[in-house]
Amino acid sequence: MAELTPTPTIRDGGPGVRVFTVSGGACGADDVITFPLGETVLDSVEVLFYTVTVTGGSVTKVDPEWHSTPTGISVNTRDAAGAWGDLTPTTKFPGAGSKLDGLPVNTGGKIYLRPKPDATGTAYSAKVIVRGHR
């Protein structure tokens with residue numbers, strides 16, 4: 001298990017909305033991508049959209065989860081899981097009209113995405129659009 005801490009590209013998506021994109025190298029089943037939202041966020045954010053890709057190696061699918069911590073992840077630290085029907089490595093969430101409300105933000109202003117690929121990949125990328133900035 002590793003905490004992946006790439007420097008995100010951050011774009012303004014409108015009032016209170018931020019778009020974060022990241023990419024990096026190896027990503028295993030228990031690795032967690034950290035998104036530093038900053039100190040100007042509320043206690044929780046609304047995830048309007050996210051996509052995560054893990055490629056290379058023998059990866060055939062991802063089954064992403066959001067966690068409250070980057071280490072010691074378990075069912076007890078899981079904040080939300082994607083109900084993705086097609087778990088290919090390039091699947092996107094949400095589906096038509098759905099969103100993820102009330103994702104808790106830790107005291108350091110961070111959220112954690114576990115891509116959960118079915119094997120260790122050689123590259124990952126993710127895009128997250130959140131609402132909740134002041």
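Trainee: Why is Lys116 called partly exposed?

Mentor: This is a predicted model, and the label rests on a computed area. Lys116 has a relative accessible area of 26%. Buried needs under 20% and exposed needs over 50%. The value falls in between, so Lys116 is partly exposed.

Trainee: What makes Lys116 and Glu65 a salt bridge?

Mentor: Their side chains meet at 3.1 Å, N to O. The cut-off is 4 Å, so the pair qualifies. Lys116 sits in the loop between S10 and strand S11 (123–133), and Glu65 in strand S6, so the bridge ties together parts that are 51 residues apart in sequence.

Trainee: How do you know whether Glu65 is buried or exposed?

Mentor: Its relative accessible area is 4%. Buried means under 20%, so Glu65 is buried.

Trainee: Which residue does Glu65 bridge besides Lys116, and what makes that pair count?

Mentor: Arg78. The closest N and O atoms of Glu65 and Arg78 are 3.3 Å apart. That is within 4 Å, so this pair counts as well. Arg78 itself has 37% relative accessibility, so partly exposed is the right label.

Trainee: Where do Glu65 and Arg78 sit in the chain?

Mentor: Glu65 belongs to strand S6 and Arg78 to strand S7 (residues 78–81). They are 13 residues apart, and the pair links distant parts of the chain.

Trainee: How do you know that Arg114 and Asp30 form a salt bridge?

Mentor: The N to O distance between their side chains is 2.5 Å. The limit is 4 Å, so the criterion is met. This pair also links distant parts of the chain: Arg114 is in strand S10 (residues 110–114), Asp30 is in the loop between strand S3 (17–24) and strand S4 (32–36), and 84 residues separate them.

Trainee: What makes Arg114 buried and Asp30 partly exposed?

Mentor: Arg114 is at 12% relative accessibility. That is under 20%, so it is buried. Asp30 is at 35%. That lies between 20% and 50%, so Asp30 is partly exposed.

Trainee: Which residues are linked in a network of salt bridges?

Mentor: Asp30, Glu65, Arg78, Arg114 and Lys116. The structure as a whole holds six salt bridges.

Trainee: Why is His67 called buried?

Mentor: Its relative accessible area is 2%. The buried cut-off is under 20%, so the label follows. His67 is in strand S6 (residues 65–67).

Trainee: What makes the pairing of His67 with Thr77 a polar contact?

Mentor: Their side chains come to 2.8 Å. The limit for N or O atoms is 3.5 Å, so the distance fits. Beyond four places in sequence, the contacts of His67 include Tyr112, Arg114 and Arg78.

Trainee: What makes S1-S4-S10-S6-S7 an open sheet with edges?

Mentor: Five strands form the sheet in that order, with mixed pairing. Strand S1 (3–4) and S7 each have a single partner strand, so one side of each is left without a neighbour in the sheet.

Trainee: How do you know that S4 and S10 are paired?

Mentor: They share four bridges and run antiparallel. Pairing requires at least two bridges, so S4 and S10 pass. Ile33 stands opposite Leu113 in S10.

Trainee: What joins strand S2 to S3?

Mentor: Four bridges, again antiparallel, with S2 covering residues 9–12. Asp12 stands opposite Arg18 in S3. S2 and S3 form a hairpin with four residues between them, and Gly14 in the turn has a positive phi of about 120°.

Trainee: What makes up the largest nonpolar core?

Mentor: It has 26 residues. Among those with the most contacts inside it are Ile33, Phe35, Trp66 and Val130. S5 gives the most to this core, with five residues. In soluble globular proteins, nonpolar side chains tend to be buried together.

Trainee: How many helices and strands does the protein have?

Mentor: Zero helices and eleven strands. Of the 134 residues, 46% are buried. Among contacts with a separation of 6 or more, 79% come from residues 24 or more positions apart.

Key: Residues numbered from 1 in each chain as written. Predicted model: local features only at pLDDT ≥ 70, side-chain atom pairs only at ≥ 80, totals over all residues. Heavy atoms only, no water. Buried < 20%, exposed > 50% of the residue type's maximum accessible area, 1.4 Å probe, protein only. Polar contact = N/O pair within 3.5 Å; in protein donor to acceptor, adjacent residues only side chain to side chain. Contact = heavy atoms within 4.5 Å. Core = buried A, V, L, I, M, F, W, Y, C linked by side-chain atoms within 4.5 Å.
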